[in-house]
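Visitor: I would like to learn how to read a structure with you. Could we go through a few features together?

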Amino acid sequence: MSRQTQAIIHADALLHNFKQLSARAPTSQSMAVVKADAYGHGAVNVARILQHVSSRFAVAIIEEAIALRDAGITAPIVVLEGAHQAKECQMAFQHNCILVMHCEAQLQWLDACPKEMRPHIWLKSDSGMHRLGFALDDMPNIVERYQHLLSDETVIATHFACADDVDNAFTQRQLDAFEKVVLPLNFPLSLANSPATVNWQDSHAKWNRLGLGVYGGKVSSIDVSDMPLMPAMTLRASILAVRDVPQGEGVGYGQTWTASKPSRIATVGIGYADGYPRHCPNGTPVMVRGQRAQLVGRVSMDMITIDVTDIANVTIGDMVELWGEHVAIDEVAKCAGTIDYELMTRVSQRVPRIVKYL
Ligand SMILES: Cc1ncc(COP(=O)(O)O)c(C=O)c1O
């Protein structure tokens, strides 16, 4: 029997989450963000599952768009980082992609591109995150000078720095600053990611860009149980050994955990090479036989060890949930000192993605 380490991708959860988030913004159109292999869920699978509800997709880079085209996805694709090189303008045209242009160099590449090979573009404006985008004050001038590169598909977009935090007034400041400059320019707008879609109704515009929420991640600093999202990934692995460890004995590399009483330790076939974070400390929760157990000892490359002393009948072959329906990925992320986005995207290619349709 081969190793049972798997990421189960729940098609019903993806559809449910996308519909919930879209319904939260009924006056907007929503597109699923499937960059970074759909946050580790498998971009082609996710796009195939969502293509009847998401009329567009967003990726970070053109290579991600081309991979979707090669798999037969036909919906327009928005490339969030625009072109990294001049040649990507023509590539975008050939693959029916929309480039989000954030700097003048990109606009000049497009200007140099033969007219009949120019893709549609969006313009990205920096409303305060200071990562990408034209300064707000420059926007009127950019629109005027590059009018000939714009089309009825052109949208002016921005991105929020803190939209998950409902108590952080910075989102409202970004929104106000953006609208003040951009509304008079009379273009359709795109502001909201999934946290903003949930937490900041005033940010809903023509297009919302839904990432984390589609995958069931935590999109708000407050409880949003009026809009339950379902985890779209269950990461699981099987037990490959069970042993009794006497009181006082250490477990794993560096002996970072010592049995305080006679203990039963199960070894599970997943490690940091699979994307289970090495930073997870003793006590990180897992689920086995319907009960919570705890990680003990250091995460190895291919294995972890868990304490199953208080769980009856644990045996070789039992499946262990690392995160998913019973162990929230956000909880594991907190234990590892990171965020759910990182855990999702780091599940390695060694872990087969198994799509479960219900
Ligand atoms: C420009 C842009 N828009 C939208 C998203 C989707 O954001 P989220 O996953 O928080 O919904 C991202 C993700 O990082 C992004 O970079």
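**Reading the domain interface**

Guide: Happily! Across the interface of domain 1 and domain 2, 0 salt bridges are found, and please keep in mind that this is a predicted model.

Visitor: How many residue pairs are in polar contact across the interface of domain 1 and domain 2?

Guide: There are 2 such pairs, both at pLDDT 80 or more. On the domain 1 side that touches domain 2, α1 (11–24), α2 (35–39) and α3 (43–50) each supply at least two residues. The largest share of that side, 3 residues, belongs to α2. By type, the residues of this side of domain 1 divide into 7 nonpolar, 3 polar and 2 charged.

Visitor: What area do domain 1 and domain 2 bury between them?

Guide: First the general idea: interface size is often given as the accessible area lost when the parts come together. Here domain 1 and domain 2 bury about 920 Å² between them, with 62% of it on carbon and sulfur atoms.

Visitor: Which residue ranges does the domain assignment give for domain 1 and domain 2?

Guide: Domain 1 covers 11–215 and domain 2 covers 233–356. Their centres, taken over C-alpha atoms, are separated by 37 Å.

Visitor: Now for a single residue: is S127 buried or exposed?

Guide: A relative accessible area under 20% counts as buried. S127 has 9%, so S127 is buried. You will find S127 in the loop between β6 (121–126) and β7 (134–135).

Visitor: Which side chains make polar contacts with the side chain of S127?

Guide: The side chain of T158 does so at 2.8 Å, and that of Q174 at 3.0 Å. Beyond four places in sequence, the residues in contact with S127 also include L136, H159 and F178.

Key. Residues numbered from 1 in each chain as written. Predicted model: local features only at pLDDT ≥ 70, side-chain atom pairs only at ≥ 80, totals over all residues. Heavy atoms only, no water. Helix = DSSP H or I, 4+ residues; strand = E, 2+ residues; numbered from the N terminus. Buried < 20%, exposed > 50% of the residue type's maximum accessible area, 1.4 Å probe, protein only. Polar contact = N/O pair within 3.5 Å; in protein donor to acceptor, adjacent residues only side chain to side chain. Contact = heavy atoms within 4.5 Å. Domains from an automatic or database assignment. Buried area = accessible area lost by both parts, 1.4 Å probe. Salt bridge = Lys/Arg side-chain N within 4 Å of Asp/Glu carboxyl O. Nonpolar A, V, L, I, M, F, W, Y, C, P; charged D, E, K, R; others polar.
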